[in-house]
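Here are my notes for you to read alongside the picture. Keep the viewer open and look up each residue as it comes up.

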Amino acid sequence: KKLENDEFDDPKSGWPVGKSEFAKSGLFAHAGYENGKFFIKNEFGGWSSHRSSKARPYTNFVCQVEARLLDSPASYWCLGFGSDDRRIGVNVLINGEGHFRVAYSPYGDIISGIFLSGTHSAIKKGKEFNTVTTILRERRLEIYVNGIAIC
């Protein structure tokens, strides 16, 4: 049963718009809508995160996001989810060079550790769109890129 569908084209959908500080660091990112699509643009060379206001508690779920980078192929974009009770998140990151990382971080902090990293031919390079699908069943996480299991 599909619980949510977001095409990232509706400014009323709950995604943050405007300037926001990243992890109390003095570094800022801008988020908004341009040409009918949601974007995040950093003022710095690192990464930032934007959380949907629609967070809900689930033990089992499937989440799929299609996104791309418009900056350096060495940059990463991320699909993250977490536990509000435990105050920790899991992040699936991919970049335009074909690299991926599966990492964790306490809420409000930068990535603290990497579970797994590597490269995979399923990841489209450069400014191409990639689709990341995560499937969580109890404590088992499956990650697919463009329909191919990478871990």
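1. Let's start with the kind of model you have. This is a predicted model, so please read every value below as computed from predicted atoms.

2. Next, the overall make-up. The chain contains eleven strands and zero helices. If you walk along from the N terminus, the elements read β-β-β-β-β-β-β-β-β-β-β.

3. How much of the chain is buried? Of the 151 residues, buried ones make up 29%. The chain exposes about 9800 Å², and carbon and sulfur atoms supply 50% of that area.

4. Now for contacts along the sequence. Take the contacts between residues at least 6 apart in sequence: 37% of these join residues at least 24 apart.

5. One sheet is a good place to practise tracing strands. Four strands form an open sheet in the order S5-S6-S7-S8, and their pairing is antiparallel. Its edge strands are S5, residues 76-83, and S8, residues 113-119, since each of them pairs on one side only. On average, neighbouring strands in this sheet are turned by 15° against each other, with direction ignored. As background, strands of a sheet pair through backbone hydrogen bonds, and the pairing can be parallel or antiparallel.

6. Zoom in on one pair within that sheet. S5 is joined to strand S6, residues 88-95, by eight bridges, and the two strands run antiparallel. To see one of these partnerships yourself, find Cys-78: its bridge partner in S6 is Leu-93.

7. Which residues are linked in a network of salt bridges? They are Arg-137, Arg-140 and Glu-142. The structure holds two salt bridges. In one, Arg-137 pairs with Glu-142, and the closest N and O atoms are 2.5 Å apart. In the other, Glu-142 pairs with Arg-140, with the closest N and O atoms 3.3 Å apart.

8. Finally, check how open each member of this network is to the outside. Is Glu-142 buried or exposed? Glu-142 has a relative accessible area of 11%, so Glu-142 is buried, because buried means under 20%. Arg-140 has a relative accessible area of 55% and is therefore exposed, as exposed means over 50%. Arg-137, at 46% relative accessibility, counts as partly exposed, because that value lies between the two cut-offs. The network thus joins a buried Glu-142 to a partly exposed Arg-137 and an exposed Arg-140.

Key:
Residues are numbered from 1 along each chain as its sequence is written. This is a predicted model: local features need pLDDT of at least 70, side-chain atom pairs count only at pLDDT 80 or more; totals for chains, interfaces and linings use all residues. Side-chain values use heavy atoms; hydrogens and water are left out. Buried means under 20% relative accessible area, exposed over 50%, partly exposed in between (1.4 Å probe, protein chains only). Contact means heavy atoms within 4.5 Å. Accessible areas come from the Shrake-Rupley method with a 1.4 Å probe; for residues, only the protein chains shown count as cover. A salt bridge is a side-chain nitrogen of Lys or Arg within 4 Å of a carboxyl oxygen of Asp or Glu. Two strands pair if DSSP finds at least two bridges between them. Axes are lines fitted to C-alpha atoms, for helices over the stretch in contact, and angles run from 0 to 180 degrees between N-to-C directions.
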